[in-house]
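I opened a new page for this structure. My plan is to look things up one by one and write down what I find.

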Amino acid sequence: MLITNATVITCEKPNRVFTQHAVLLYGGRIARLGPSAKLAVEHPRARKLDAQGQLVMPGAICAHTHFYGAFARGLALAAPAPRDFPEILEMLWWRLDRSLSPEDVRVSALVTLADAIRSGTTTLFDHHSSPSCVDGSLDVIADAVEQAGVRASLCYEVSDRDGPAMADAAIRENVRFLKRLSANPRPWLSASFGLHASLTLSGSTLQACRAALPDGAGFHVHVAEHEQDQYDSLQKSGLRVVERLHAHEILGERSIAAHCVHVDAAEVALLSSTRTWVTHQPRSNMNNAVGAAPVESMLRSGVGVCLGNDGFSSSMWDEWKAAYLQQKAMSRDPRRMDANSLAEIALSNNAALANAFFPQTHVGAIVEGAAADLILVDYQSPTPIDSGNFPWHVVFGLQSGMVTTTIVGGRVLMKDRKLTTLNEAELAERSRRLAARAWKRIRDGGGHDAGE
Ligand SMILES: [Zn+2]
């Protein structure tokens with residue numbers, strides 16, 4: 001396929017912008033990038049897609065999300081509103097995840113992935129929990145990922161909150177899925193070993209997870225999202241959360257620490273020296289009122305900070321905007337978190353993370369040889385776009401509704417705003433029916449019954 005008449009934003013470091021360019025896709029990769037007129041002459045038989053001046057840029061990457069959270073939207077709980085993040089976990093998320101059946105897991109993933117394709121997000125790092133159906137749940141999600149056509153890295157969160165049998169089942173599920181992928185690799189799938197958070201993991205469970213970790217794999221864990229994680233860690237071990245995880249050999253260049261809102265300077269240094277990835281989710285942090293992560297301090301300390309959405313909408317540009325505004329509002333300093341820092345997080349670091357977890361593919365840039373994971377964006381910019389100011393166009397101009405076409409590995413997943421791999425209306429209808437049943441189970445205080 002030859003995409004012609006495009007304004008190409010390469011999103012490399014440094015970024016480059018080309019007008020009236022063409023991108024030739026072949027064998028799932030970007031085979032050539034050059035002036036539109038020239039490539040049209042050189043490849044007369046290639047199927048054409050006229051971009052008509054639209055932006056062509058890499059699909060977005062989401063470094064931390066929860067497909068299983070789809071049914072939370074609009075769920076009203078009868079109890080008084082939770083007063084802090086630990087209560088939000090107990091009253092909402094731990095009741096929701098327990099209510100999920102395998103079919104709920106499948107449909108939650110599919111509706112989330114439909115939103116991702118529509119928003120131009122093509123690679124996602126999921127963190128899953130469904131205690132009533134642990135075994136095989138990652139296969140259910142992997143099938144949904146394959147059906148949707150995107151790339152995803154999966155894991156199951158181990159926690160002691162539902163008892164030792166459940167923790168053992170979660171460990172087995174991570175190990176099983178990691179081994180399945182290493183025996184049978186797929187370019188659109190990767191995996192890590194999921195852990196909920198220090199505050200729901202005993203020392204012996206952490207030890208069991210480390211002992212069970214297959215060679216070459218790393219962990220994906222929530223870290224110091226709320227002060228309670230630190231209080232709990234100090235009480236359990238005398239160590240702060242990052243130090244405790246380090247003592248259990250959880251950190252490293254294959255591990256992802258989500259949030260890191262309440263980390264101190266020594267913990268930041270440890271995240272940097274161990275080359276642990278950190279993900280930032282400002283919309284979730286604001287919604288849960290847990291504070292703002294020291295993102296710029298972590299960046300200056302050499303930590304690979306990436307951008308996730310923690311289950312919010314898959315529009316990563318909305319997360320850019322939140323990240324940009326949150327640091328300024330919290331610090332009352334408009335110089336904080338300039339858009340270049342944000343580009344380093346959401347473009348360079350997210351691409352480096354994805355390329356570490358999907359070593360067979362090169363994503364996150366429009367360059368020859370990279371995976372053909374790209375989007376077309378109908379953006380009529382009122383001001384010039386250049387390589388340097390592009391991040392400000394993301395913050396102040398781009399909206400997910402402007403994405404018209406989404407392509408992953410050369411396969412068109414959305415064309416002219418119509419999804420090709422998923423039937424959105426049917427999925428949404430099925431999701432509404434399943435969500436209503438899950439909400440009833442949540443309100444009745446029950447989990448999913450396998451016989452249901
Ligand atoms: Zn999360």
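My entries follow, from the whole chain down to single residues.

**Entry 1: the whole chain**

I noted at the start that this is a predicted model. I then looked up the secondary structure, which comes to 15 helices and 18 strands. How compact is the chain for its length? Its radius of gyration is 22 Å, close to the 22 Å that the globule rule gives for 452 residues, so the chain is as compact as a globular protein of that length. I also looked up the box around the C-alpha atoms. Along the principal axes, the box is roughly 65 × 50 × 45 Å.

Next came burial and surface. Of the 452 residues, 58% count as buried. The chain exposes about 18000 Å². Carbon and sulfur atoms supply 52% of that area. I checked the contacts too, taking those between residues at least 6 apart in sequence. Of these, 74% join residues at least 24 apart.

**Entry 2: the zinc site**

Which residues coordinate the zinc ion? I found His64, His66 and His222, each through NE2, and Asp310 through OD. The distances run from 2.0 to 2.2 Å. Along the chain, the donors follow the spacing H-x1-H-x155-H-x87-D. His64 lies in strand 6 (residues 60-65), while Asp310 lies in the loop between strand 14 (304-307) and helix 12 (316-331), so this pair ties together parts that are 246 residues apart in sequence.

I looked up the geometry as well. The angles among the four donor atoms range from 90 to 165 degrees, and the site is irregular. A tetrahedral site would need all angles between 85 and 135 degrees.

Are these two ligands buried or exposed? His64 has 0% relative accessibility, so it counts as buried. Asp310 is buried too, with a relative accessible area of 12%.

**Entry 3: the nonpolar cores**

I turned to the largest nonpolar core, which holds 113 residues. Which of its members touch the most others? They are Phe193, Leu195, Val223 and Leu398. I followed up Val223, leaving aside its neighbours within four places in sequence. Its contacts include Val241, Val242, Leu245, Ala257, Ala258 and Val263. Asp229, His259, Cys260 and Val261 are also in contact with Val223. Apart from the largest core lies another core, of 20 residues. Ile3, Ala365, Ile407 and Val412 are among them.

**Entry 4: backbone oddities**

I searched for unusual backbone values. A cis peptide bond joins Lys13 and Pro14, with omega at about 0 degrees. Pro14 sits in the loop between strand 1 (2-9) and strand 2 (17-26).

Ala224 has a positive phi, near 45 degrees, and is not a glycine. Where is Ala224? I found Ala224 in the loop between strand 11 (219-223) and helix 7 (227-237). Its relative accessibility is 0%, so Ala224 counts as buried.

Arg275 is not a glycine either, and its phi is positive at about 60 degrees. Its place is the loop between helix 9 (265-273) and strand 13 (277-280). At 58% relative accessibility, Arg275 counts as exposed.

**Entry 5: distances across the chain**

I picked Arg443, which lies in helix 15 (residues 424-444). Arg443 is partly exposed, with a relative accessible area of 46%. Beyond its neighbours within four places in sequence, Arg443 is in contact with Leu75, Ala76 and Arg95. How far is Arg443 from Leu376? The two are 67 residues apart along the chain, and their C-alpha atoms are separated by 43 Å.

Then I took Asp386, in the loop between strand 15 (374-377) and helix 14 (390-396). Asp386 counts as partly exposed, at 38% relative accessibility. I paired Asp386 with Ala165, 221 residues apart in sequence. From C-alpha to C-alpha, they are 56 Å apart.

My last lookup was Ser331, in helix 12. Ser331 is partly exposed, with a relative accessible area of 24%. Ser331 and Ala292 are 39 residues apart in sequence. In space, their C-alpha atoms are 9.6 Å apart.

Notes:
Residues are numbered from 1 along each chain as its sequence is written. This is a predicted model: local features need pLDDT of at least 70, side-chain atom pairs count only at pLDDT 80 or more; totals for chains, interfaces and linings use all residues. Side-chain values use heavy atoms; hydrogens and water are left out. Donors are N, O and S atoms within 2.8 Å of the metal (3.2 Å for Na, K and Ca); water is not among the atoms, so sites may look incomplete. Four donors count as tetrahedral if all angles lie between 85 and 135 degrees; four count as square planar and six as octahedral if opposite donors are over 155 degrees apart and all others between 65 and 115; anything else is irregular. Helices (H or I, at least four residues) and strands (E, at least two) are DSSP runs, numbered from the N terminus. Buried means under 20% relative accessible area, exposed over 50%, partly exposed in between (1.4 Å probe, protein chains only). The radius of gyration is taken over C-alpha atoms; the globule rule is 2.2 Å times the number of residues to the power 0.38. Contact means heavy atoms within 4.5 Å. Accessible areas come from the Shrake-Rupley method with a 1.4 Å probe; for residues, only the protein chains shown count as cover. A nonpolar core is a set of buried Ala, Val, Leu, Ile, Met, Phe, Trp, Tyr and Cys residues joined through side-chain atoms within 4.5 Å.
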